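Here are my notes for you to read with the model open beside you. Take the points in order and find each residue as you go.

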Amino acid sequence: MRVLLIGANGYLGRFVADRLLADPAVQLTALGRGDDADVRFDLATGSPGALTRFLDAVHPGVVINCAGATRGGARDLTRHNTVAVATICEALRRSGCGARLVQIGCGAEYGPSQPGSSTAEDAVPRPGGPYGVSKLAATELVLGSGLDAVVLRVFSPAGPGTPAGSPLGRLAEAMRRAMQSGDGELKLGGLGAQRDFIDVRDVARAVHAASLSAAQGVINIGSGRAVRLRDAASVLARVAGFGGALHELDTPGGPVRPTLGHPRSDPDHMAPAAYPDGCGSWQQADVRTARDRLGWRPRINLEESLADIWMEAACRI
């Protein structure tokens, strides 16, 4: 099976590439903007015609799109998350390769949900920010394209390679700095948010399974369990061997409530960890469709994901 992977050097794409390369039946070609891609092509500015000519030459059986932007203004997010997908869909429609499309969506497409609930694929999407809007628009383009296509809505990815600017990445970095300086106290904000964390290696397994399946439409990829960021911070502190105090700043400028350890009177470390995804205080995936249609279940627990995040943070100088 010849697979064209778009965005192989991104956070998720690297693990998808590793997973596919481990399958001896897969012939992998990477397309991206970097010099290390097999083929250089910028989806945000390249024409569908140029991509069509490449598809006809390579003739992949599956196209996997892991490319996109998670940060930036509405214009950049639209270019990299929506226009890019429009280019892929149009190129695939024009091409004679007949490839299946696996598009990586995100839980932010759903927006805020009711605390205690699990969001299924038939929920009405109400994204709460430009990122979710740009990804939802991409999903609608894929679903309306008439292609053999599936969209995997990935909830909150975690594990090795977690970006330092993400909430879990900032948390690990703040803890590393506190331990490096011998500080026994850490102030944290935004710990009340609850998210469905899923390890990137489990995401890669889901992408691999989706590329081999005949499933179409939208499929949620998550752990099926919401975890409060406060609890994730406690697990990370245990994994890291941080014996100091974690203090929670409820609101900007608000009171500080100790949540772990014995506080010191003059804390000077503060790591805001609010989620910028527009999903409010709660998100939890209903993952039964992934189980039923892909034969997929998550295997890696959050503690292992956090241990890998900490290992990378601890190695930074």
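1. Let's start with a question: which side chain does Asp-277 meet in a salt bridge? Keep in mind as you look that this is a predicted model. The partner is Arg-195, and the N to O distance is 3.0 Å. Asp-277 sits in the loop between β15 (270-272) and α8 (288-294), while Arg-195 belongs to strand β9 (residues 194-195), so this pair ties together parts that are 82 residues apart in sequence.

2. Are these two partners buried or exposed? Asp-277 has a relative accessibility of 15%, so it counts as buried. Arg-195 comes out at 1%, so it counts as buried too. The cut-off behind both calls is that buried means under 20% relative accessible area.

3. Now for a salt bridge inside one helix. Glu-90 pairs with Arg-94, and their closest N and O atoms are 3.0 Å apart. Why can these two reach each other along the chain? They are four residues apart in helix α3, so about one helical turn separates them. Glu-90 is partly exposed, with a relative accessible area of 23%, and Arg-94 is partly exposed as well, at 49% relative accessibility.

4. Here is one more salt bridge, and then the total. Asp-35 and Arg-40 meet through their side chains, with 2.8 Å from N to O. Both of these residues are exposed, whereas Asp-277 is buried. Searching the whole structure turns up 16 salt bridges, so you have plenty left to hunt for. As a general idea, side chains of opposite charge can pair when their charged atoms come close.

5. Next, the aromatic rings. How many aromatic pairs does a search of the whole structure find? The search gives one. It is made of Tyr-110 and Phe-155, which are tilted, with 6.0 Å centre to centre and 35° between the planes. The pair links distant parts of the chain, 45 residues apart: Tyr-110 is in the loop between β5 (100-106) and α4 (130-143), and Phe-155 is in the loop between β6 (149-154) and β7 (156-158).

6. Stay with those rings a moment longer. Tyr-110 and Phe-155 are both buried. Tyr-110 has another neighbour too: Arg-153 lies over its face, at 4.6 Å from the ring centre.

7. Then have a look at helix α2, which covers residues 48-58. Which of its residues are buried? They are Gly-49, Leu-51, Thr-52, Phe-54, Leu-55 and Val-58. These buried residues pack against β1 (2-6), β2 (27-32), β3 (39-40), β4 (62-65) and α3 (74-94). That last element is the helix holding Glu-90 and Arg-94 from point 3. Right after α2 comes His-59, which has a positive phi, near 55°.

8. Last, the cysteines. A search of the whole structure finds zero disulfides. Take Cys-66, which is in no disulfide: its nearest cysteine sulfur belongs to Cys-106 and is 13 Å away. A disulfide would need the two sulfur atoms within 2.5 Å. Cys-66 counts as buried, at 15% relative accessibility, whereas Cys-315 counts as exposed, at 57%.

Conventions:
Residues are numbered from 1 along each chain as its sequence is written. This is a predicted model: local features need pLDDT of at least 70, side-chain atom pairs count only at pLDDT 80 or more; totals for chains, interfaces and linings use all residues. Side-chain values use heavy atoms; hydrogens and water are left out. Buried means under 20% relative accessible area, exposed over 50%, partly exposed in between (1.4 Å probe, protein chains only). Contact means heavy atoms within 4.5 Å. Rings of Phe, Tyr and Trp (its six-membered ring) pair if their centres lie within 6.5 Å; planes under 30 degrees apart count as stacked, over 60 as edge-to-face and the rest as tilted. A charge sits over a ring if NZ of Lys or CZ of Arg is within 6 Å of the ring centre and within 35 degrees of the ring normal. A salt bridge is a side-chain nitrogen of Lys or Arg within 4 Å of a carboxyl oxygen of Asp or Glu.
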